[in-house]
Amino acid sequence: MHAAAVCASAGLALGPRWPLAALAAALAAPALATRRVTRVLLAAIVLGGALVGSMRMHAVDRTAFGPVLGHAVSEHATLLEAPRHRAFGVRVAVVRVRGEQVLLRAARGVRWPGAAVGAVLSARGGLEALPARESGYAARGVHAELRAWAIHATGAHRGGAAGIVDAIRARATAALRAGLPPPQAALLRGMVLGDDSALPAGVRADMQTAGLTHLVAASGANVLLLAALALAVCAALGIDRRARLVLVLALTALYVPLAGGGPSIQRAGIMGAAGTVAALASRPADRWHALFLAAAATLLHQPHAAEQVGWQLSFAAVAGIAVLAGPVRSSLARRRVPGALAEGVAVTVAATLGTAPLIALHFGQASPVTLPANVLAAPLVAPVMWLGFVAATLGQISVSIASPLTALAGLPVSVLLGLAHAAAGWPGAGWTASPVLVAAGCGGVGVAIVARRIRRPALAVTVAACLTAGTVAYAAARGLPAPAGARVTFLDVGQGDATLLQDRDHAILVDTGPPDGDIVAQLRHAGVRRLDALVVTHAQDDHDGGAAAVLGALPVGLVLDGRDGVREPSGLAMAGRARARAIADVAGQQGQRLRAGGIVLQVLWPPARQPGEPPAGGEDPNQRAIVALATLGGIRVLLTADAESDVLAPLGLDAVDILKVSHHGSADEGLPTLLQTLRPRLAGIEVGARNTFGHPVPATVAALRTAGAQVVRTDRDGSVAVEPAGGALRVTPHA
């Protein structure tokens, strides 16, 4: 049964993506058995899983939207998740339209009705293919994006079993936020119901840096604590053993969709159900069998699940616990560590080691604070969960009855918030990491632990080596290497600016794009492991929105700060992260010069001013943004931020090779005259696809082409790398 579950999982995971790998797995599967019939059966299971997986992926990816893509539509959309905030007041949520999942995007100025999950909305807008940067939603089975210019609540809700779950969730949500401040209410809701959409940006950043985000991802701990609470209550009420287990099975089946039905909670639900069924049959539970059964079931339900980071981390954590928790627990027990503490520390260490390579691979972090932060958080998790579960249950009757328990849960929740904030500021928080080194290190620790417990250390070494080699190969395929010389990259971060200057291992980033621009992943893809300097040109969300994330994920030598005293959330988060990591934060002003390897960056604007003196560009942050001239690899690059020709023309500029076009290509009457002086060979427009501002305007694009510049645009070309090559400019889109 173990081998069958392994083979089914392998076939379902490999078949739809790498048929040759599935065939190789089928040829290797007979090694898991000794009898000829069983060998043939296992090979058939792999091939059958590959065939079924391919058919399921084809069915899931099939869409009827083809004929209406690119057209205006008016649709009824059922809300499947709470809306999430993006930059510029944009909100997005997954909805169901015509039986398919669609990403509903409401731009700034579009009123989003106060509707709960399950509500039926009326939405009018343009239906488009899902953008490439929303690949995370594509892995969830989302087929298109509806850019709405009007959204209204119809007052209707979906019915059936899903409607019943929606009503339970709505009452539970109301109970969990009764009387608590928004940050505490959002964290409690995330921990109990797995919905982190209401977490403030600062709290989310702290938890990511401290390695505590798993607390708001409903998974195995939720199911285990729910089952423990139910069994304890049933025992206190005198309910017999079989009835208790049946009740736990029913609660698990209800809790999975209640907590969002994501891949990690699906895995936990299936494993919990398997353990409960084994208990009902008076048979011992087998964690490995349940794990592979859960893998096969989740891949059968959603063939793209293996592409989701949550799915990968969930299974890696359980595998780590299964392999390492026992030896660590025994080692602690021999050192007379109390049983409950030894159990908590062992599980935390095992899960941390199991997931560390994936976290380094996907997020570029291997923070040394993760382990101590999780050990300190562990005693608080169960009280929060149990109080939250009871409050959510009582909330089905009355919020006022549940509110005392919600208030009580707020105490450990507040401690967790304080712990996350403190840990995010500890030395080493958010350290960058090489996936290869992390995989090798975790594999080595795992081998050292396991080899002492089994009589086949060679097997442990082989398994660890294979895992490390796989991580190395995967990491190598994920991004470009650092350049051999100079490279300028216009990064596709949506409607925002982010320009990367590289010279071998040296790098300067000018602006970071909006908070949802995924700037850290873009830097990883470009081969960046550290930044010599981060330049934030001015205080607007589309330029400094990702700065705090960059400072949390990468070593940064210096922040050149162009906010010029303007206080706004993204800039304050950036400044706080810089202070926490002891990174110098220097105000940008005319005459400054930065050097990093072969990169020289000279600040041309704004001029220095005395305290109390009004800014030279007025109150508009665009007019006093940092304008800089970079020289690298024999080429000159003018970085204009959002400053247009009225600011640039008086600076006495000379010809340049590359121009970063001002303000995403907005209208600028003085641009044609300015271009007669600049004469750029290439102009880069950093702009979001189908943005609501109309950027870039046709007149700007026409002026650039008339001046003889090759125009590249991130909305159409994705991220674009430009390298000097024998007097020419080699342009390489790598979207």
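In this predicted model, arginine 730 and glutamate 723 are joined through their side chains by a salt bridge of 2.7 Å, N to O. The term salt bridge denotes a side-chain nitrogen of Lys or Arg within 4 Å of a carboxyl oxygen of Asp or Glu. Side chains of opposite charge can pair when their charged atoms come close.

Arginine 730 is partly exposed, at 42% relative accessible area, while glutamate 723 is buried, at 15%. Here buried means under 20% relative accessible area, exposed over 50%, and partly exposed in between (1.4 Å probe, protein chains only).

The whole structure contains 21 salt bridges. The following table lists some of them.

| Basic residue | Acidic residue | N to O distance |
|---|---|---|
| Arginine 730 | Glutamate 723 | 2.7 Å |
| Arginine 530 | Aspartate 532 | 3.3 Å |
| Arginine 624 | Aspartate 564 | 2.9 Å |

Arginine 624 and aspartate 564 form a salt bridge. This pair connects distant parts of the chain, 60 residues apart: arginine 624 lies in the loop between strand E14 (599-605) and strand E15 (627-632), and aspartate 564 in the loop between strand E11 (558-561) and helix H21 (569-580). Helices (H or I, at least four residues) and strands (E, at least two) are DSSP runs, numbered from the N terminus. Arginine 624 is buried, at 7% relative accessibility, whereas aspartate 564 is partly exposed, at 28%.

For the pair of arginine 530 and aspartate 532, the arginine is partly exposed at 37% and aspartate 532 is buried at 19%. In addition, Arg84, Asp196 and Arg204 belong to a network of salt bridges.

Residues are numbered from 1 along each chain as its sequence is written, and side-chain values use heavy atoms, leaving out hydrogens and water. Local features need pLDDT of at least 70 and side-chain atom pairs count only at pLDDT 80 or more, whereas totals for chains, interfaces and linings use all residues.
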